[in-house]
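Me: Please take a close look at one thing for me: which side chains can be reached from outside, and what they do there. I am in my first year, and a short explanation of each term would help.

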Amino acid sequence: MKNRRWILSVVYMVLGIALFATAFFELLDSFWSGMGTALFVIGLLRLLQAIRYHSNAQYREDTDTAIGDERNKFLSMKAWSWAGYLFVMIAAVATIVFKLLDMESEMFLASGAVCLVIILYWVSYLIVRKKY
Amino acid sequence: MNNRIEEIRKEKSIRQEELAKALGVSRQTISSLETGRYNPSIQLAHKIARYFGLSIEDVFLFEE
């Protein structure tokens, strides 16, 4: 963890406050105040984590080990792979269900999601194939 | 791929935590390696073998 984490935390918090304030003064709708609150909380949590990282040697060591641990990286890749595969399967089933229920716009949304993920997979595959 | 990590570690009276710390990995990784649920990268296999003062073939048992 470097200074970037501190800066990013502060940016999140400032952005969160700004979004909340604009929604509070009714310049934007309540969606943005919700997003502002979420950003502020994320920024605050990241900041507290960064403070703990700098002040607690044991926590720093544990965090660095967890970040560098090759099994953790493998598990993360595996989990993303499963999540992507499951998403495509669920969206494909949803496409059929929406079609049967005559819900056209939802059906197009679900089938579009399937196509998008498959296109992203192939683009990623072509890039990764060149890299490794 | 089988390995002798647990056997060698116990022979040398090393705790999982100590081995994990020396290799820069988590204790759970050592546990997964010992039970054979996770196969290490060639770099980690090399580090483990070097830590025990053995060759990779002495620690890891490759099967056809």
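Reply: Let us begin with three handy words: a residue is buried with under 20% relative accessible area, exposed with over 50%, and partly exposed in between (1.4 Å probe, protein chains only). What you see is a predicted model, in which local features need pLDDT of at least 70 and side-chain atom pairs count only at pLDDT 80 or more, while totals for chains, interfaces and linings use all residues. Residues are numbered from 1 along each chain as its sequence is written, chains are lettered from A and ligands numbered from 1 in the order in which they are written, and side-chain values use heavy atoms, without hydrogens or water.

Start with A:Met35, which belongs to helix α2 of chain A; helices (H or I, at least four residues) and strands (E, at least two) are DSSP runs, numbered from the N terminus. A:Met35 counts as partly exposed because its relative accessibility is 35%. This methionine has company: together with A:Phe20, A:Phe24, A:Phe25, A:Leu27, A:Leu28, A:Phe31 and A:Trp32, A:Met35 makes up a nonpolar patch on the surface. Patches take residues with over 30% relative accessible area and no salt bridge, joining like charges within 9 Å and nonpolar side chains (Val, Leu, Ile, Met, Phe, Trp, Tyr) within 5 Å. The members of this one add up to about 880 Å² of accessible area, a value from the Shrake-Rupley method with a 1.4 Å probe, where only the protein chains shown count as cover for residues.

Which helices each supply at least two residues of the nonpolar patch? They are α1 (3–24) and α2 (30–55) of chain A. The largest share, 3 residues, comes from α2(A).

Now follow chain A further along. Helix α4 (residues 70–100) and helix α5 (residues 104–131) of chain A have axes that come within 8 Å and cross at roughly 155 degrees. Those axes are lines fitted to C-alpha atoms, for helices over the stretch in contact, with angles from 0 to 180 degrees between N-to-C directions. Angles under 35 degrees count as roughly parallel, over 145 as roughly antiparallel, 65 to 115 as roughly perpendicular and the rest as oblique. α4(A) and α5(A) are therefore roughly antiparallel to each other.

In the loop between α4 and α5 of chain A you will find A:Asp102. A:Asp102 is not a glycine, yet its phi is positive, about 60 degrees. With 58% relative accessibility, A:Asp102 counts as exposed. A:Ser124, in helix α5 of chain A, is partly exposed because its relative accessible area is 37%. From A:Ser124 to A:Gly43 the C-alpha distance is 30 Å, with their positions 81 residues apart in sequence.

Let us move to chain B and its charged side chains. A salt bridge here is a side-chain nitrogen of Lys or Arg within 4 Å of a carboxyl oxygen of Asp or Glu, and over all chains the count is 7. One of them joins B:Glu6 to B:Lys10 at 2.9 Å, N to O. These two residues are separated by about one helical turn because they are 4 residues apart in helix α1 (residues 5–11) of chain B. B:Glu6 is partly exposed, at 32% relative accessibility.

Another salt bridge, at 2.5 Å from N to O, connects B:Arg9 with B:Glu34. This pair ties together distant parts of the chain, with B:Arg9 in helix α1 and B:Glu34 in helix α3 (residues 27–35) of chain B, 25 residues apart. Are these two partners buried or exposed? B:Arg9 counts as buried because its relative accessibility is 8%, and B:Glu34 is buried too, at 13%.

B:Arg15 and B:Glu18 also meet in a salt bridge, at 3.4 Å from N to O. Through shared partners, salt bridges join B:Arg15, B:Glu17 and B:Glu18 into one network. B:Glu18 is partly exposed, with 36% relative accessible area.

Two more stops on chain B round off the tour. B:Ser13 sits in the loop between α1 and α2 (16–23) of chain B, where this residue is exposed at 62% and has a positive phi near 55 degrees without being a glycine. B:Ala20, in helix α2 of chain B, is buried because its relative accessibility is 3%. The C-alpha atoms of B:Ala20 and B:Ile48 lie 9.8 Å apart, although 28 residues separate them along the chain.
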